Amino acid sequence: MSMTLEQAKEKLAKYGQEHVLKYYGELNEEEKQGILDQIETTDMSILEACKHKEDLAKKGVITPLAAMQLDEIEANREEFTATGIEAIRQGKVAAVLLAGGMGTRLGSDNPKGMYNVGLTHELYIFECLINNLMEVVHQADSWIHLFVMTSDKNNDATIAFLKEHDFFGYNAEYVHFFKQEMAAATDYEGKIYLEEKGKLSTSPNGNGGWFISMKNNGMLDIVHREGIEWINVFAVDNVLQRIADPCFIGATIQKNCVVGSKVVRKNAPDEKVGVMCLEDGRPSIVEYYELTDELMNAKDEKGEPAYNYGVILNYLFKVQDLEKIMAEKMPLHIVEKKIPYLDAAGELVKPDTPNGYKFESLVLDMIHQMDSCLPFEVVRRKEFAPIKNKIGVDSVESARELLTENGVVL
């Protein structure tokens, strides 16, 4: 049953957002239904956070969290891998690809995963990732359920592209798509902007919104039906990452941790990556811009930097524990952004400077709500080739160089 106009007015009045129906009388029936549906599904309780946003960013006491380093991993590789393979064969492991982004910074209007990194032949980001996952499928002789999180902006294009390319050889029965939930975008007073007369301004709810988005799209029915106990969540832009890596899975299981986090040794104390740590005794990630000089220069008992391992957004979560935290309120991050909006005359304005807030939850907060986490070191040049820019650091150029170094023919 869809929300009625009266119910919408009631909800808006509760949060002081009545202005979003300003143009309702000018809309056709389809547009009217569209804005009522948006009002119904938008979580407006988060808008209150604008009033005390300075409290949101407060960190607890930061202390080091030791990573499992390469030498220990190598010494136990066979045993860890056997445990991981067994979990995969029993159908206990799934993967979630966070693919809601667009290739705008790469000069493309397509979903980021559709970007071609090949030189002599086509090789798409999606293809690189599926090739990496296929290696594990062959190793375990077992298909792994792959959930692909899209966004409002790129859902149809992503699905069409992967179908057109026959999922790059992946078994289509094991691929499931779901859309990321959206959060309202507001001015500095917490008033929701309109981006069209019949459309609220919204943006994706942050990379921490993946699990609640899975639930709201019915994906947990598959998780429960298939007996999936572990989910490896990873970002679209790292073309070298190992997905559903049996050694990583086995190490996390054997160490009785409810989260595993792949990490790389930082290449400089001030490298712009979040680092694993403990916050008030619980696993956490401190962002690079939150690292004080004192933390940056702190040493462990071996005389090495105490905060030396950067996260690469490749995590293994225990489903049972994800379901526990879903019942709790996720911490909220309020980010200043440039938000296109309709002005008082109903004309679309594209601002040159930030003019309001977007609301996000982040994976790092999910980790902080967990009891234990295993930071698992991987070799940077073998597993970390993020594509964030067209040229320079973490770019198409640098990723091509690393792909070639790892034997991928471009």
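Which residues lie nearest the centre of the second largest pocket? The close-ups below start there, and keep in mind that this is a predicted model.

**View 1. A look into the second largest pocket, which holds about 640 Å³ of space.** Nearest the centre you'll find Asp-43, Ile-46, Ile-212, Lys-329 and Met-330, out of 28 residues that line the pocket. β5 (182–186), α8, α12 and β17 (356–360) each chip in at least two lining residues. Sorted by class, this pocket's lining comes out as 15 nonpolar, eight polar and five charged residues.

**View 2. Helix α9 (residues 219–226) and its buried residues.** Met-219, Leu-220, Ile-222 and Val-223 are the buried ones here. Looking down the axis of α9, the buried residues fall within an arc of 155°, so they line one face of the helix. Flip to the other side of α9 and you meet Asp-221 and Arg-225, both exposed.

**View 3. What the buried residues of α9 pack against.** Their partners are three strands, β3 (145–150), β4 (175–179) and β9 (230–235), plus the helices α8 (210–216) and α12 (319–326). Just past the end of α9 sits Gly-227, with a positive phi of about 70°.

**View 4. The largest cavity, with about 50 Å³ of space inside.** A search of the whole structure turns up one cavity of 30 Å³ or more. Around the largest cavity are Leu-97, Phe-126, Leu-129, Ile-130, Leu-146, Val-148, Leu-162, Phe-167 and Val-175. Helix α6 (125–140) and strand β3 each supply at least two of the lining residues, and α6 gives the most, with three. The lining has nine nonpolar residues, with no polar and no charged ones.

Methods:
Residues are numbered from 1 along each chain as its sequence is written. This is a predicted model: local features need pLDDT of at least 70, side-chain atom pairs count only at pLDDT 80 or more; totals for chains, interfaces and linings use all residues. Side-chain values use heavy atoms; hydrogens and water are left out. Buried means under 20% relative accessible area, exposed over 50%, partly exposed in between (1.4 Å probe, protein chains only). Helices (H or I, at least four residues) and strands (E, at least two) are DSSP runs, numbered from the N terminus. The arc is that of the directions from the helix axis to the C-beta atoms. Contact means heavy atoms within 4.5 Å. On a 1 Å grid over the protein atoms alone, a cavity is a set of points where a 1.4 Å probe fits but cannot get out, and a pocket is an open set with protein on both sides within 12 Å along at least five of seven lines; lining residues have an atom within 4 Å of a point. Grid points are joined across faces, edges and corners, and a volume is the space filled by probe spheres set on the points. Ala, Val, Leu, Ile, Met, Phe, Trp, Tyr, Cys and Pro count as nonpolar, Asp, Glu, Lys and Arg as charged, and the others, Gly among them, as polar.
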